[in-house]
Amino acid sequence: MAGDQVHVLSALDGAKTQWYHFTAIVVAGMGFFTDAYDLFCISLVTKLIGRVYYTVPGSPHPGSLPPTVAAAVNGVAFVGTLSGQLFFGWLGDKVGRKSVYGMTLLLMIICSVASGLSFSHTPTTVMATLCFFRFWLGFGIGGDYPLSATIMSEYANKRTRGAFIAAVFAMQGFGILAGGAVAIGVTALFKNRSPAPPYAVNPAASTPAQADYVWRIVLMLGALPAALTFYWRMKMPETARYTALIAKNAERAAADMSKVLQVEITKEQAGDLEVAHKSPASPSFGLFSGEFVRRHGLHLVGTASTWLLLDVAYYSQNLFQKDIFSAIGWIPPAASMSALDELYHIARAQTLIALCGTVPGYWFTVAFIHSVGRFKIQAMGFFMMTGFMLGLAVPYDYWTGQGHQAGFVAMYALTFFFANFGPNATTFIVPAEIYPARLRATEPKSSNEAPYFERLRATCHGISAASGKVGAIIGSFGFLYLAQSPDPAKTAHGYLPGIGVRNSLFVLAGCSLMGFMLTFLVPEPKGKSLEEMSRETEPDKC
């Protein structure tokens, strides 16, 4: 850009908080509501699916998913999410945020519904179709991460930008809470209509035929919030920063901004961009250049590595709460419950954790992100997660003793509180703020020709988010095996001995500690415009 800050961008940075900002938070946030519902509701219903399709007649234990099937069902959506973050992050920079935004939501709606459908009734076919649709569901969810963060960051002013992006991401907490509440409600309805005895009393009758509908309904209802906001998402205009800086249509950017943010930009002011995008002051380097590495290389290492380490710990804890709570005796033994009773207890436990730890943590970030800052919140969150995980792991035998489970659950909830009032929010926010919307990748051949600009903000956010999903994949596959008891007699059916829950908590504490140290590679964007933070006004040193 030119030396003087472009009027369109300065008007965006100085715009007052208006109704449209809150509309954008809800529209973008409902995507994250759906993301969280879809990603985490699977952990609620896997025990039920195991009973429905894998119960062995005459076995003293209820059916459970075989290890490879459990790993695939829990982890395949994250593989899709990783792919979607990279693809849609790149595509959003290539063709525009608005063009891709509706596509991701439509994919989420279709695949949420399809996840509850299956061909035939054999276990192999049902699991294959479930995994197929959950991969593509994850692919759509992956696109929502970089696009929602980028769109909200480019709409917001610099004073409230962090809180607005955090509020979009905080809708995840309500999605997790809704998943548990829906599972409780659907289960309670079917329990009243189809009461069943515990497995130990009557194995065959403990899983009524209607149980096969319960998990399908829980998964399919994830499409509802996304469908309700699809129309409004399609009505959102392209962000002014994309239109002005990348599409190079300053008048359209000014018109869009005047329409939704009630900020008047004259044609003369908008025309400044026509000069700005040709200015020699624009950095002339690409994503894989040495100049990019000099300016943002350590930043990309910091945002990608901290997101990866956070997701190893966060998704391990979230997806396998039911196994941890069973191990400490907070959830009754499976054989003492019917299939629907077990789902009810699991959903109730996870909803309590979400209500007491997860949701408040998100909104503490929204409230304090501008006064405390991103860096301090992330560092504090990682540090406190490390402390509470060690507080669970070191005296683990004490916590698992009779009457001490409530203390364990309270400590466990605090790890979620500080994950969300900490790195789970900030690793999402910061990559949307510190990377440039565009970099000059080629010089013009003549004075009448505009240079080609490489589009980077959504791409770099997608790379960071995809690194996080690598961590989620490690957590979902690894913890499933690591948390098994080292005593072969106590492992779940079909699993090899692991290192146990206590040692797994030590591993997660180590991940959190590494995240704390790598946070020092991430800059503080508080109070700066996107252009200041991404150093788009700084000439290159080539």
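Let us start at Val-45. Setting aside its neighbours within four places in sequence, Val-45 is in contact with Trp-215, Val-218, Leu-219 and Leu-343. Keep in mind as you look around that this is a predicted model. Val-45 and Trp-215 turn up again when we look at the largest nonpolar core, which has 132 residues. The residues with the most contacts inside that core are Val-45, Tyr-145, Trp-215 and Tyr-314. Helix α2, which covers residues 19-54, gives this core its largest share, 19 residues. Apart from this core lies another one, of seven residues, and among them are Leu-300, Ile-434, Cys-460 and Val-522. There is a broad pattern to remember here: in soluble globular proteins, nonpolar side chains tend to be buried together.

Three of the partners of Val-45, namely Trp-215, Val-218 and Leu-219, bring us to helix α7. This helix spans residues 211-220 and is mostly covered, with seven of its 10 residues buried. Those buried residues are Ala-211, Asp-212, Val-214, Trp-215, Arg-216, Val-218 and Leu-219.

Now step back and take in the whole protein. There are 22 helices and two strands in the protein. Of its 542 residues, 61% count as buried. The protein exposes about 20100 Å², and carbon and sulfur atoms supply 68% of that area. How do the contacts run along the sequence? Among contacts between residues at least 6 apart in sequence, 83% join residues at least 24 apart.

Aromatic rings give us a good trail to follow next. The structure holds 31 aromatic pairs. In one of them, the rings of Phe-169 and Phe-428 have their centres 4.5 Å apart and their planes at 15 degrees, so the pair is stacked; planes under 30 degrees apart count that way. Phe-169 lies in helix α6 (residues 161-193) and Phe-428 in helix α18 (residues 423-429), so this pair ties together parts that are 259 residues apart in sequence. Are these two rings buried or exposed? Phe-169 has a relative accessibility of 2%, so it counts as buried. Phe-428 has 0%, so it is buried as well.

Aromatic residues also gather in groups. One aromatic cluster is formed by Phe-40, Phe-78, Tyr-314, Tyr-315, Tyr-396, Phe-408, Tyr-412 and Phe-416. Tyr-314 is a name you have met already, as one of the residues with the most contacts inside the largest nonpolar core. Elsewhere, a ring is paired with a charge: the charged end of Lys-191 sits over the ring of Tyr-344, 4.5 Å from its centre.

Let us look at one member of that cluster, Tyr-396. Its place is in helix α16, residues 396-399. Tyr-396 has a relative accessible area of 10%, and because buried means under 20%, Tyr-396 is buried. Which residues does Tyr-396 touch, leaving aside its neighbours within four places in sequence? They are Ala-327, Ile-328, Phe-408, Val-501, Arg-502 and Leu-505. Take Val-501 from that list: Tyr-396 and Val-501 are 105 residues apart in sequence, and their C-alpha atoms are 8.8 Å apart in space.

Ser-512 is our next stop, and its place is in helix α21, residues 500-518. With a relative accessible area of 1%, Ser-512 is buried. Beyond its neighbours within four places in sequence, Ser-512 is in contact with Ala-313, Phe-382, Met-385, Thr-386 and Met-389.

Thr-351 makes a nice companion example. Thr-351 lies in helix α14, residues 339-372, and is buried, with a relative accessible area of 14%. Its contacts, again without the neighbours within four places in sequence, are Leu-177, Gly-180, Ala-181 and Ile-184.

For a contrast, move to the loop between α20 (457-482) and α21, where you will find Pro-488. At 56% relative accessibility, Pro-488 counts as exposed. The C-alpha atoms of Pro-488 and Gly-498 are separated by 8.8 Å, and the two residues are 10 apart along the chain.

Finally, what about the cysteines? How many disulfides does a search of the whole structure find? It finds zero. Cys-41 counts as buried at 1% relative accessibility, and Cys-111 is buried with a relative accessible area of 5%.

Key: Residues are numbered from 1 along each chain as its sequence is written. This is a predicted model: local features need pLDDT of at least 70, side-chain atom pairs count only at pLDDT 80 or more; totals for chains, interfaces and linings use all residues. Side-chain values use heavy atoms; hydrogens and water are left out. Helices (H or I, at least four residues) and strands (E, at least two) are DSSP runs, numbered from the N terminus. Buried means under 20% relative accessible area, exposed over 50%, partly exposed in between (1.4 Å probe, protein chains only). Contact means heavy atoms within 4.5 Å. Rings of Phe, Tyr and Trp (its six-membered ring) pair if their centres lie within 6.5 Å; planes under 30 degrees apart count as stacked, over 60 as edge-to-face and the rest as tilted. A charge sits over a ring if NZ of Lys or CZ of Arg is within 6 Å of the ring centre and within 35 degrees of the ring normal. Accessible areas come from the Shrake-Rupley method with a 1.4 Å probe; for residues, only the protein chains shown count as cover. A nonpolar core is a set of buried Ala, Val, Leu, Ile, Met, Phe, Trp, Tyr and Cys residues joined through side-chain atoms within 4.5 Å. A disulfide is a pair of cysteine sulfur atoms within 2.5 Å.
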